[in-house]
Amino acid sequence: MAVIRDVMAAFELFQPASVADAQKLLEQHGPDAWVLAGGLDSFDWLKDRIKKPKVVVDLSGIGELRGIRVSGSDGIEIGAMTTLTEVVNHPIIKQKYDLLTQAAELVASPQIRNQGTIGGNVSQDTRCWYYRSGWPCYRAGGNICYADAPEGRNREHAILHADRCVAVNPSDSAPALIALDAKFVIRTRKGERIVDAEDYFIGPDIDITRLHILQPGDLLTAIRIPSTWAGAQFYFEKIRDRNVWDFPLLNVASAMVTSGDSSGESSAPTIDRMRISVNAAAARPLRLKAVEDAVRGKPRNAATGEMAGKLAVQGAVPLQFNTYKIPLMRNLVKRAIVGVGAGTGVEEATWAS
């Protein structure tokens with residue numbers, strides 16, 4: 001008989017009105033505290049009684065954590081509690097940083113985007129069903145990875161950078177923010193800390209129990225996007241089993257600046273600079289620096305895309321049921337280089353051929 005666990009364990013709820021008050025509560029209660037943003041990931045954990053925090057700190061009443069503001073030299077700052085719907089609909093993001101619009105708009109469903117926050121989306125936990133069902137795996141403090149066992153089901157799991165745990169990061173906005181060279185603003189006991197988006201995420205080789213660098217007492221307050229890639233040529237693609245709600249099997253995000261003629265294959269533009277990131281291939285979103293370096297100065301054509309795709313999957317180690325992720329990732333990177341539907345010939349290629 002299935003065990004029904006739909007009553008949350010008791011906890012003390014705090015609803016601070018300022019970042020200072022929230023940080024004070026988090027410092028006071030340390031590892032006993034749980035940060036509640038949109039609540040969509042949190043309520044799964046709490047209702048299933050897998051996570052039983054003594055204290056929940058609800059950030060929904062903190063106005064300074066919401067909103068999108070122009071900052072620096074025409075860059076923007078997004079409060080961590082800004083909803084994904086607000087991100088999708090914001091005119092400046094649409095105009096200058098449309099990569100993030102594309103990524104955020106593919107998160108789950110409209111109802112979930114109305115509630116889910118940008119800070120929550122980048123900070124959510126992995127969706128590995130063994131871990132989330134309470135199995136005593138490595139990530140939960142045990143000494144086995146059930147997904148990587150001979151009988152394990154691992155169709156959605158990692159092909160790169162696995163270290164004991166093969167769970168993957170499920171965020172759609174994370175690779176887009178990495179491609180845009182975003183900075184994450186974190187309040188800690190020692191003051192404000194600003195890190196590159198790619199350094200916010202960690203793999204099991206660093207800490208097998210977390211997907212990000214936040215320690216007890218830390219609080220993600222904002223995400224800043226510089227103007228460096230404003231108005232670049234953007235590409236985002238997400239492959240999933242269902243068109244709505246589902247987490248990615250793989251996704252790719254890229255920002256590119258080119259020069260020269262783009263009227264045809266024989267006169268393809270030159271790639272001056274590029275940033276590209278994939279997610280759901282590993283426990284953290286992966287910036288593909290080797291690909292960025294390899295395509296710099298090359299023509300934006302099918303040959304360059306083919307080369308980049310092969311380079312991206314070097315070192316990939318598939319599990320029993322996810323070998324398809326290797327050709328899928330190779331082709332997503334190729335499409336991010338060349339584009340789709342622009343007379344390049346790539347649009348006819350299947351995503352996992």
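Reader: Why does Thr-126 count as buried?

Author: In this predicted model, Thr-126 has a relative accessibility of 1%. Buried means under 20%, so Thr-126 counts as buried.

Reader: What surrounds Thr-126, leaving aside its neighbours within four places in sequence?

Author: Thr-126 has its place in the loop between α7 (118-123) and α8 (129-132). Beyond those neighbours, Thr-126 is in contact with Tyr-131, Arg-132, Arg-139, Ala-167, Val-168, Pro-170 and Leu-211. In addition, a polar atom of the Thr-126 side chain lies 2.8 Å from the backbone oxygen of Val-168.

Reader: What makes the meeting of Arg-132 and Asp-41 a salt bridge?

Author: The N to O distance between the side chains of Arg-132 and Asp-41 is 2.5 Å. A salt bridge requires a side-chain nitrogen of Lys or Arg within 4 Å of a carboxyl oxygen of Asp or Glu, so the pair qualifies. Arg-132 lies in helix α8 and Asp-41 in helix α2 (residues 40-47), so this salt bridge ties together parts that are 91 residues apart in sequence. Both residues are buried.

Reader: Which residue meets Arg-224 in a salt bridge, and why is Arg-224 called partly exposed?

Author: The partner is Glu-77, at 2.6 Å from N to O. Since Arg-224 lies in strand β8 and Glu-77 in strand β5 (residues 75-79), the pair ties together parts that are 147 residues apart in sequence. Arg-224 has a relative accessibility of 27%; partly exposed lies between the limits of 20% and 50%, so Arg-224 is given that name. Glu-77, with a relative accessible area of 15%, is buried.

Reader: How are Arg-155 and Asp-241 classed, buried or exposed or in between?

Author: Arg-155, at 32% relative accessibility, counts as partly exposed. Asp-241, at 46%, counts as partly exposed as well. These two residues form a salt bridge, with the closest N and O atoms 2.7 Å apart.

Reader: How do you know that the buried residues of α1 line one face of the helix?

Author: The buried residues of helix α1 (residues 19-29) are Val-19, Ala-22, Gln-23, Leu-25, Leu-26 and His-29. Seen down the axis of α1, they fall within an arc of 160°, so they line one face. The face turned away from this buried side carries the exposed residues Lys-24 and Gln-28.

Reader: Against which elements do the buried residues of α1 pack?

Author: They pack against the strands β1 (12-14), β2 (33-36), β3 (55-58), β6 (183-188) and β8 (219-225). Just after α1, Gly-30 takes a positive phi of about 50°.

Conventions:
Residues numbered from 1 in each chain as written. Predicted model: local features only at pLDDT ≥ 70, side-chain atom pairs only at ≥ 80, totals over all residues. Heavy atoms only, no water. Buried < 20%, exposed > 50% of the residue type's maximum accessible area, 1.4 Å probe, protein only. Helix = DSSP H or I, 4+ residues; strand = E, 2+ residues; numbered from the N terminus. Arc of directions from axis to C-beta. Contact = heavy atoms within 4.5 Å. Polar contact = N/O pair within 3.5 Å; in protein donor to acceptor, adjacent residues only side chain to side chain.
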